[in-house]
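Let's look at how some everyday structural labels are earned. Here is the model to follow along with.

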Amino acid sequence: MKHDILFMNDAVVNSLVANDMGLVMEDVEKCLSIFDKGDVINPTKCVMRWGKTPEDENVYGRINAMPGYVGGDVNMAGIKWIGSGPQNYKKGLPRASVTVILNDPDTKLPLAVSDATTVSAKRTGAAGGLAIKYLARKDVKTVLICGAGAQGRTQLEAALLVRPGIEQVYIYDLFLDRAQAFADEMSAKFGVKVTATETVEPAAREADVIITVTLANEPFVEAEWLKKGCLMVQMADYEVTYDCVRKASKIVCDTWDGIKHRMISPIALMYSQGLLKDEDIYSELGGIINGKKPGRENDDEIIYFNAVGMGIEDLCVVAHAYKLAVEQNKGVQVNYWEK
């Protein structure tokens, strides 16, 4: 029988949903809520790695396959296929390239193929923003972002959305020129003071929120730098020491099983070494969103948040864009089965 699929390029999916961080954050929040309720199928990601160790990924890259299904009013299946080339900047290319395929959860037939490169960056920023929404002090004034790439930009965008009272942002990067370019761009875009810093410690000591999105292969944030009430938002791998985790009164994550499977962040490594137990995880973020446990309970507690990311988050955003595209006759219909 004849069957068509919808192709959505970057312009279509971005204009419909992905360029609006508020919409993306709503989709990711819904996804985490449904995930907590158990109405998902979320297999562990398949990592096709170049090199021999997880650390090699930061040089040679990887491609991840992340299938899943989200129930509720999303009711969509699919897969995220994401290539990560850390050396792409030398060729003037973005590090990440992302494709999402949507499948009908009933017939299992493909419904759409979509670019999701911006979606992926924005949903990661949205996850960090949701951590700030539920786990940071209400009166956040100072934020330190480590990593002046695309992820640093989306983390700042989301942070400002949930804490518009932020007054000072510090940006740290191994390359000071990149940090300065970030500071100039983000200051102009959001009207907030953004300052490039050559060292982490002074900014970390001042920060109400510390966000790490780097390719570091060893820790560079120390526990003694964390002030009362600080929230650590670790969206990458190795940046904080074990003592930073130990100093936290609450450890929160997006998916504890996913983090253990990935086995690359401090809490995963601590677990593998017998230094942290399942019961030491206070909650997954979805449980806090659903009111099963409170988030921040006072202005003094230090909280650690770690996210590994889930393909179902991308599926939620792209499914939203697909619904709008069908309603608005956007995208290109491509014949899949001729007859």
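Q: Happy to start with the layout: what are the domains of this chain?
A: In this predicted model, the chain is divided into domain 1, covering 4-120 + 311-335, and domain 2, covering 132-306. Their C-alpha centres lie 24 Å apart, and the contact draws 22 residues from domain 1 and 26 residues from domain 2.

Q: How do you know what area is buried between domain 1 and domain 2?
A: Good one! The size of an interface is often given as the accessible area lost when the parts come together. For domain 1 and domain 2 that area is about 1900 Å², with carbon and sulfur atoms giving 55% of it. On the side of domain 1, Met21, Glu29 and Asp36 lose the most area to domain 2, together 28% of what that side buries.

Q: What makes the meeting of Glu29 and Lys133 a salt bridge?
A: The N to O distance between their side chains is 3.2 Å, and the cut-off is 4 Å between a Lys or Arg side-chain nitrogen and an Asp or Glu carboxyl oxygen, so the pair qualifies. Across the interface of domain 1 and domain 2, the rule finds 3 salt bridges.

Q: Which elements give two or more residues to the side of domain 1 that touches domain 2?
A: They are helix H2 (21-37), strand S3 (46-49) and helix H3 (57-60). H2 gives the largest share, 9 residues. By class, this side has 7 nonpolar, 6 polar and 9 charged residues.

Q: Why is Asp36 called buried rather than exposed?
A: Asp36, which sits in helix H2, has 19% relative accessibility. Buried means under 20%, so Asp36 counts as buried. Apart from residues up to four places away in sequence, Asp36 touches Gly286, Gly287, Asn290 and Lys292.

Q: What makes the pairing of Asp36 with Lys292 a polar contact?
A: Their side chains come to 3.0 Å, and the limit for such a pair of N or O atoms is 3.5 Å, so the label fits. Between domain 1 and domain 2 the count is 9 residue pairs in polar contact, both residues at pLDDT 80 or more.

Q: And why is Ser97 called partly exposed?
A: Ser97 has a relative accessible area of 45%. Buried is under 20% and exposed is over 50%, so Ser97 falls in between and is partly exposed. Ser97 lies in strand S6 (residues 96-103) and, leaving aside neighbours within four places in sequence, is in contact with Trp81, Ile82, Gly83 and Thr117.

Definitions and conventions
Residues numbered from 1 in each chain as written. Predicted model: local features only at pLDDT ≥ 70, side-chain atom pairs only at ≥ 80, totals over all residues. Heavy atoms only, no water. Domains from an automatic or database assignment. Contact = heavy atoms within 4.5 Å. Buried area = accessible area lost by both parts, 1.4 Å probe. Polar contact = N/O pair within 3.5 Å; in protein donor to acceptor, adjacent residues only side chain to side chain. Helix = DSSP H or I, 4+ residues; strand = E, 2+ residues; numbered from the N terminus. Nonpolar A, V, L, I, M, F, W, Y, C, P; charged D, E, K, R; others polar. Buried < 20%, exposed > 50% of the residue type's maximum accessible area, 1.4 Å probe, protein only.
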